[in-house]
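Colleague: I'm new to this one and would rather know one part well than skim everything. Please pick a part, take me through it closely, and then tell me how it fits with the rest.

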Amino acid sequence: MVMPQIPAWVFPVEPYAGESLSHFLGRFCRENHATLNQLGEKTGLGAVLGRWEKFRFIPPPSDAQLAALAKLVRLEVDQIKPMLPQEAMQNRVIRLCAACYAEEPYHRIEWQYKLANRCDRHHLLLLLECPNCKAKLPMPSKWANGTCKRCLTPCDQMVALQKGV
């Protein structure tokens, strides 16, 4: 199978410390005006990227898959590996520390760990939904403006509604 050429005009996106792969993929797609399907086509990974976006890493990504993604996003494989889970994940419910997100707007992979239920930094319970309207949080790849998609409550206002531990 012949893979499509990767365009020379790809705009690089630097990962944040502890950022989840889902959030990074969303930022990369928005910056490059691309869809996840287009990234899957360009890398030869196809629908695998859609699984990764939803924190479904079974089977775990192979070195060849990570190399294909790294080539497209202009990173080293060693820069992508920290965005992958290092322990058991909770992938059915997206979690958020609104205080962390208000300070630095990106999704942390550690929030999705099965044993994580609070933010170690702010000592707040992780949110599973908007505390204002109770809407479920969308996949981190869709987080772009720092507000609830339903009621538009900003994350910095969610902090006041987030419960301490």
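Modeller: Let's start with the word you'll hear most: a residue is buried when its relative accessible area is under 20%, exposed when it is over 50%, and partly exposed in between (1.4 Å probe, protein chains only). Helices (H or I, at least four residues) and strands (E, at least two) are DSSP runs, numbered from the N terminus. This is a predicted model, so local features need a pLDDT of at least 70 and side-chain atom pairs count only at pLDDT 80 or more, while totals for chains, interfaces and linings use all residues. Residues are numbered from 1 along each chain as its sequence is written, and side-chain values use heavy atoms, with hydrogens and water left out.

My pick is helix 2, which covers residues 36-43. Which of its residues are buried? They are Leu36, Leu39, Gly40 and Thr43. If you look down the axis of helix 2, these buried residues fall within an arc of 100° (going by the directions from the helix axis to the C-beta atoms), so they line one face of the helix. Over on the other side of helix 2 you'll find Asn37 and Glu41, both exposed.

What covers that buried face? Helix 1, helix 3 and helix 4 are among the things that do. Then, just after helix 2, Gly44 takes a positive phi of about 80°.

Now step back to what comes before helix 2. Cys29 sits in helix 1, and Cys29 is buried, with a relative accessible area of 9%. Leaving out residues up to four places away in sequence, Cys29 touches Ala34, Thr35, Leu36 and Leu39 (a contact means heavy atoms within 4.5 Å). Two of those names should ring a bell: Leu36 and Leu39 are also on the list of buried residues in helix 2. Going the other way along the chain, Cys29 and Val13 are 16 residues apart, and their C-alpha atoms are separated by 9.6 Å.

The loop between helix 1 and helix 2 holds His33. Is that residue tucked away or out in the open? His33 is exposed, with a relative accessible area of 73%. The backbone is worth a glance there too: phi of His33 is near 50°, a positive value in a residue other than glycine. For background, most residues other than glycine have a negative phi, and most peptide bonds are trans.

That background helps with another spot as well. Ile58 and Pro59 are joined by a cis peptide bond, with omega at about 0°. Pro59 belongs to the loop between helix 3 and helix 4.

That brings us to helix 4, one of the covers of helix 2. Helix 4 runs over residues 63-73, and its buried residues are Leu66, Ala68, Leu69, Ala70, Leu72 and Val73. Their packing partners are helix 1 (21-31), helix 2, helix 3 (48-53) and helix 5 (77-80). So the link to our helix shows up from both ends: helix 2 has helix 4 as part of its cover, and helix 4 has helix 2 among its partners.

Like helix 2, helix 4 is followed by a residue with a positive phi. Here the residue is Arg74, with phi near 65°, and unlike Gly44 this is not a glycine. Arg74 lies in the loop between helix 4 and helix 5 and is partly exposed, with a relative accessible area of 40%.

How does all this sit in the whole protein? There are 7 helices and 0 strands, and from the N terminus on the elements run α-α-α-α-α-α-α. Along the principal axes, the C-alpha atoms fill a box of roughly 50 × 30 × 25 Å. Buried residues make up 44% of the 165 residues. Among contacts with a separation of 6 or more, 58% are between residues 24 or more positions apart.

For a look at another region, try Asn132, in the loop between helix 6 (98-103) and helix 7 (155-158). Asn132 is partly exposed, at a relative accessible area of 45%. Setting aside neighbours within four places in sequence, Asn132 is in contact with Cys151, Thr153 and Leu161. Glu87, by contrast, is 45 residues from Asn132 in sequence and 31 Å away in space, C-alpha to C-alpha.
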